[in-house]
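Here are some short exercises to work through with the model open beside you. Try each task before you read its solution.

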Amino acid sequence: MGVAPGGAGAYSAAHSATRSGSDAVTLDPEGQLAADGTVTLSGSYRCSPLHHGRTVLVGATLIQGDVHYGVGGTVAHCDGREHSWRHTGQLPGELAAGESADPAGGEAGRTVAGRVDGEATLLKLDSGGLVPVPVLLDRDARPLVLLRDQRPSRQALP
């Protein structure tokens, strides 16, 4: 799973608004990058009450080439209403952002601000056998911009 070629932006927040009552997930076009490399992504989701009692997950990923960096995930509340999500995570290793990378350079092994590909997914776990099988309900893959967050990260607070 990567960002679809030919403009993943076409598969964006607009697709969710047109599918009233169905399962949908969006990824905001901007994320935050704290000084310690902590990344925060956000968006919204909606899932059908028909999934009530089943495990539905909202996940966020940053993508560089063939490497996917999980930023976080949560269990969705499936009541047919739109909910916001926000995931924060520390990436293992370096994610070199695209052409608008941080002009200061960034340290080796650190994530730098700039353009990067991202993806939000809405998955249902089907228990059809011994091992739950993930079923993709919706996906929003797009280029996004990581902006340098000027506030201290949570980890830096006493």
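**Exercise 1. Find how strand 2 and strand 3 pair, and say how many bridges join them.**

Solution. Please keep in mind that this is a predicted model.

Step 1: Start with strand 2, which covers residues 30-33. It pairs with strand 3 in the antiparallel sense, and two bridges hold the pairing.

Step 2: Pick out a bridge. L33 has V39 as its bridge partner in strand 3.

Step 3: Look at the turn. Four residues lie between the strands of this hairpin, and G37 there takes a positive phi near 90°.

**Exercise 2. Which way do strand 1 and strand 6 run against strand 3, and how many bridges does each make?**

Solution.

Step 1: Take strand 1, residues 24-27. Strand 1 runs antiparallel to strand 3, and four bridges join the two. In one of the pairs, V25 is matched with Y45 of strand 3.

Step 2: Move on to strand 6, residues 83-90. Its pairing with strand 3 is antiparallel as well, this time over eight bridges.

Step 3: Return to V39. This residue of strand 3 is the bridge partner of L33, and it also stands opposite G89 in strand 6.

**Exercise 3. Decide how many of the nine residues of strand 3 are buried, and what follows for the strand.**

Solution.

Step 1: Apply the cut-off, under 20% relative accessible area for a buried residue.

Step 2: Sort the side chains by direction. T38, T40, S42, S44 and R46 point one way from strand 3, while V39, L41, G43 and Y45 point the other way. Both sets are buried.

Step 3: Conclude. Nine of the nine residues are buried, so strand 3 is largely enclosed by the rest of the structure.

Step 4: Set this beside the chain as a whole, where 41% of the 158 residues count as buried.

**Exercise 4. Locate the disulfide and state which parts of the chain the pair ties together.**

Solution.

Step 1: Count. The chain has one disulfide, formed by C47 and C78, whose sulfur atoms are 2.1 Å apart.

Step 2: Check the handedness. The angle about the S-S bond is -100°, and the link of C47 and C78 is left-handed.

Step 3: Place the two ends. C47 sits in the loop between strand 3 and strand 4, and C78 in the loop between strand 5 (67-75) and strand 6, so the pair ties together parts that are 31 residues apart in sequence.

Step 4: Add the surroundings. Both C47 and C78 are buried.

**Exercise 5. Which residues do salt bridges that share partners join into one network?**

Solution.

Step 1: Begin with the total, which is four salt bridges in the structure.

Step 2: Take R54 and D126. Their closest N and O atoms are 3.9 Å apart, inside the 4 Å limit for a salt bridge. R54 is in the loop between strand 3 (38-46) and strand 4 (55-64), and D126 is in strand 7 (residues 114-126), so to speak of distant parts of the chain is fair: the two are 72 residues apart.

Step 3: Add K124. Its side chain meets that of D126 in a salt bridge of 3.7 Å, N to O. The shared partners join R54, K124 and D126 into one network.

Step 4: Compare the exposure of the members. R54 is partly exposed at 48% relative accessible area, D126 is partly exposed at 26%, and K124 is buried at 12%.

**Exercise 6. Are R139 and E119, partners in a salt bridge, buried or exposed?**

Solution.

Step 1: Identify the contact. The side chains of R139 and E119 meet in a salt bridge at 2.4 Å, N to O.

Step 2: Place the partners. R139 belongs to strand 8 (residues 133-148) and E119 to strand 7, with their positions 20 residues apart in the count; the pair links distant parts of the chain.

Step 3: Read the accessibility. R139 counts as buried at 17%, and E119 is buried at 2%.

**Exercise 7. What is the order of the elements from the N terminus on?**

Solution.

Step 1: Count the elements, which come to one helix and eight strands.

Step 2: Write the order as α-β-β-β-β-β-β-β-β.

Step 3: Turn to the contacts. Among those with a separation of 6 or more, 65% involve residues 24 or more positions apart.

Notes. Residues numbered from 1 in each chain as written. Predicted model: local features only at pLDDT ≥ 70, side-chain atom pairs only at ≥ 80, totals over all residues. Heavy atoms only, no water. Buried < 20%, exposed > 50% of the residue type's maximum accessible area, 1.4 Å probe, protein only. Pairing = 2+ DSSP bridges. Disulfide = S-S within 2.5 Å. Contact = heavy atoms within 4.5 Å.
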